[in-house]
Amino acid sequence: MGRIIRVTGPLVVADGMKGSKMYEVVRVGEMGLIGEIIRLEGDRAVIQVYEETAGIRPGEPVEGTGASLSVELGPGLLTAMYDGIQRPLEVLRELSGDFIARGLTAPALPRDKKWHFTPKVKAGDKVVGGDVLGVVPETSIIEHKILVPPWVEGEIVEIAEEGDYTIEEVIAKVKKPDGTIEELKMYHRWPVRLKRPYKRKLPPEVPLITGQRVIDTFFSQAKGGTAAIPGPFGSGKTVTQHQLAKWSDAQVVVYIGCGERGNEMTDVLEEFPKLKDPKTGKPLMERTVLIANTSNMPVAAREASIYTGITIAEYFRDQGYDVALMADSTSRWAEALREISGRLEEMPGEEGYPAYLASKIAEFYERAGRVVTLGSDERIGSVSVIGAVSPPGGDFSEPVVQNTLRVVKVFWALDADLARRRHFPAINWLRSYSLYVDAVQDWWQSNVDPEWRKMRDTAMALLQKEAELQEIVRIVGPDALPDREKAVLLVARMLREDYLQQDAFDEVDTYCPPKKQVTMMRVLLNFYEKTMAAVERGVPVEEINKLPVREKIGRMKYEAEVEKVAALIDETNEQFEELFKKYGA
């Protein structure tokens, strides 16, 4: 036990801490606040405290727990809402009301609830870390696989029969190679700063289908991939992440509200339980874990919240699930690092951020991936990380954005001008990019449409050409352009308004399946081909603009049946044939 000698905000210095370890969790002061040792100098320890330190005085005791900051992994995670260090907020509210009392803790997983356990192994079986001992129907959507912890291997000497058990009851006994018996429960603990092991990493070849056209078609995200959504205030970062949480084809969603405003987290908490999972019709919360660390919560816990979230995501990945992790926003996390670094009196780097900012960001995003999990049977799971970045004033040259871009493979640049024009998602198609397009094209071409890549590249070239022509239009006006260029502007505008723009609040348009995305693209590119052919034959662009099919193409995004969208190709061809006859072409 040590004694406090100095308090500076969330940092506390204690002496008499000989024998303590780095990253050991300690109890600080008479209130027993939770803290973590982040520096050791002789018998002095520098502790970052995860709660408000007001009222803590020098001389008060500091007690070590001997364990590092860890999370509990087992049944009960889904539908739960935690703070940055995995304290269940619902339970804390019952204990202390709307304002959480300091020093208050509660088990992360419910100890009194009974789960129906069905064993998958029998006595005498050999098991290794990652093997499935049995299953528990945690929610009506997700079956929770009870795993052998990574450090255990041996022979099953005893396994519980099918029945209802609490997570504290022993469900299996394993005889290890050294002859000792390890008792296994339905949960185990794992240090948050340590990656969970796996057999091998797989290349990111399968796309994470999100149902958002601008993402799936133009800037694809792969399962096990990393993406960043930087954008200024009000450009739609949070709504985009909500859309990805709702509609991406991941089985489990981990949503981290890191330093976000309280009202935004309230929106998530009120909206998610009401949302229906599109695949099962059940509430989306049944496959979601929420971690809330709002801007008025202690800054040190914000630094831990990212690691808590990704450790939980890795645990579901180890069960063979595809997990989507939303971190909103990593800028607030970086600000927490900056504040703690300042109090540690470390040499500041660019814009006051710590010199190790780049390695911390890389360390976090590198925990994403599609992997073959531990265990005797072949299971494939993935963690896809999508981090929002909130650069001050929308400045993409600031350190958090730049260091994030070095690591992530997908960049969805949100644009305040597009948001002001009510173009959502406000992803700027000229500044964004995805390095997964080549990797996922085989999947698109074999599962959806063999011409996917060709159509995507044609559409991108059109949008690029439009940007160049807009520069000329600003100088000489649209009337000075030849008809061929006017036709490009017409079709590019249709691409922007009828394809890239998507209504998150429309029942049909909120999610666009891959088949419909490709069909819509084919309709627009067919219109483009016919337009260019008509212009070559002397048909004025004004006449093409008046075609009745133009309005139908504008409304195709609200059409649920793909066959009706595909029918627009024949309708377009018929109307252009009439134009050709009219102009004698």
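Residues are termed buried under 20% relative accessible area, exposed over 50% and partly exposed in between, with a 1.4 Å probe and protein chains only. The model is predicted, so local features need pLDDT of at least 70 and side-chain atom pairs count only at pLDDT 80 or more, while totals for chains, interfaces and linings use all residues. Residues are numbered from 1 along each chain as its sequence is written, and side-chain values use heavy atoms, with hydrogens and water left out.

Salt bridges were assigned where a side-chain nitrogen of Lys or Arg lies within 4 Å of a carboxyl oxygen of Asp or Glu; the count comes to 41. Secondary-structure elements are DSSP runs numbered from the N terminus, with helices (H or I) of at least four residues and strands (E) of at least two. R193 forms a salt bridge with E36, with 2.7 Å between the closest N and O atoms. Because R193 lies in the loop between strand 17 (188–191) and strand 18 (200–202) and E36 in strand 4 (residues 33–41), the pair ties together parts that are 157 residues apart in sequence. R193 is partly exposed at 22% relative accessibility, whereas E36 is buried at 1%.

The loop between strand 17 and strand 18 also holds R196, and D318 lies in helix 5 (residues 299–318). The side chains of D318 and R196 meet in a salt bridge at 2.7 Å, N to O, and the pair ties together parts 122 residues apart in sequence. D318 is buried at 6% relative accessibility, and R196 is buried at 2%. K223 and D322 form a salt bridge at 3.4 Å, N to O. This pair links distant parts of the chain, 99 residues apart: K223 is in the loop between helix 2 (213–218) and strand 19 (226–230), and D322 is in strand 22 (residues 322–328). K223 is buried with a relative accessible area of 10%, as is D322 with 13%. A network of salt bridges links E72, R111, E168, K185 and R189.

Strands were taken as paired if DSSP finds at least two bridges between them. Strand 15 (residues 172–175) runs antiparallel to strand 13 (residues 154–159), and four bridges join them; I156 stands opposite V174. Four bridges also join strand 15 to strand 16 (residues 181–184), again antiparallel, and K175 has I181 as its bridge partner in strand 16. Strand 15 and strand 16 form a hairpin with five residues between them, and G179 in the turn has a positive phi of about 95°. The side chains of strand 15 alternate: A172 and V174 point to one face and are buried, while K173 and K175 point to the other and are not.

Helix 13 (residues 514–536) has 23 residues, and its end C-alpha atoms are 33 Å apart. This agrees with the expected span of 33 Å, taken as 1.5 Å times one less than the number of residues. Of the 23 residues, 17 are buried, so helix 13 is largely enclosed by the rest of the structure. Just after helix 13, G538 takes a positive phi of about 90°.
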